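Hi,

Here is the structure I promised to pass on. Have a look at it first, and my notes follow below.

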Amino acid sequence: MTLNHKDKRERGSKLIIAPRFYPSSKKCSNCGYILPELKLSTRQWECPECRAKHDRDINAAINLMQYANIA
């Protein structure tokens with residue numbers, strides 16, 4: 001069963017797929033700045049614009065939730 005098929009069976013659900021190269025890890029969830037490069041080994045980073053400190057995975061999750069809310 002595909003995700004799209006399962007989604008149609010669930011009541012009140014909506015499947016939103018972010019673009020493959022959406023910068024969820026590289027985008028500051030605070031101000032929207034996008035880092036030009038972020039190595040996979042970098043687990044934490046600080047935004048050069050607003051100085052917010054980010055955990056890579058938590059920041060990506062926040063960005064994907066924000067993406068889902070505007071899609």
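On one side of helix 2, Ile 58, Met 65 and Asn 69 are exposed (over 50% relative accessible area with a 1.4 Å probe, protein chains only; buried is under 20%, partly exposed is in between). On the other side, Arg 56, Asn 59, Ala 60 and Asn 63 are buried. Those four cover an arc of only 100° around the axis (taken from the directions from the helix axis to the C-beta atoms), so they sit on the same side of helix 2. Their cover includes strand 1 (44-46) and strand 2 (53-55).

A word on the model: it is a predicted one, with local features needing pLDDT of at least 70 and side-chain atom pairs pLDDT 80 or more, while totals for chains, interfaces and linings use all residues. Numbering runs from 1 along each chain as its sequence is written, and side-chain values use heavy atoms, leaving out hydrogens and water.

Back to helix 2: its 15 residues (56-70) should span 21 Å at 1.5 Å a residue, and the end C-alpha atoms are 21 Å apart, so the two agree (the expected span is 1.5 Å times one less than the number of residues). Asp 55 caps the N-terminal end, with a side-chain oxygen 3.1 Å from the backbone nitrogen of Asp 57.

As for the whole chain, there are 2 helices and 2 strands (DSSP runs, numbered from the N terminus: H or I of at least four residues, E of at least two), in the order α-β-β-α. Buried residues make up 23% of the 71.

Cheers

Note on methods: Contact = heavy atoms within 4.5 Å. Polar contact = N/O pair within 3.5 Å; in protein donor to acceptor, adjacent residues only side chain to side chain.
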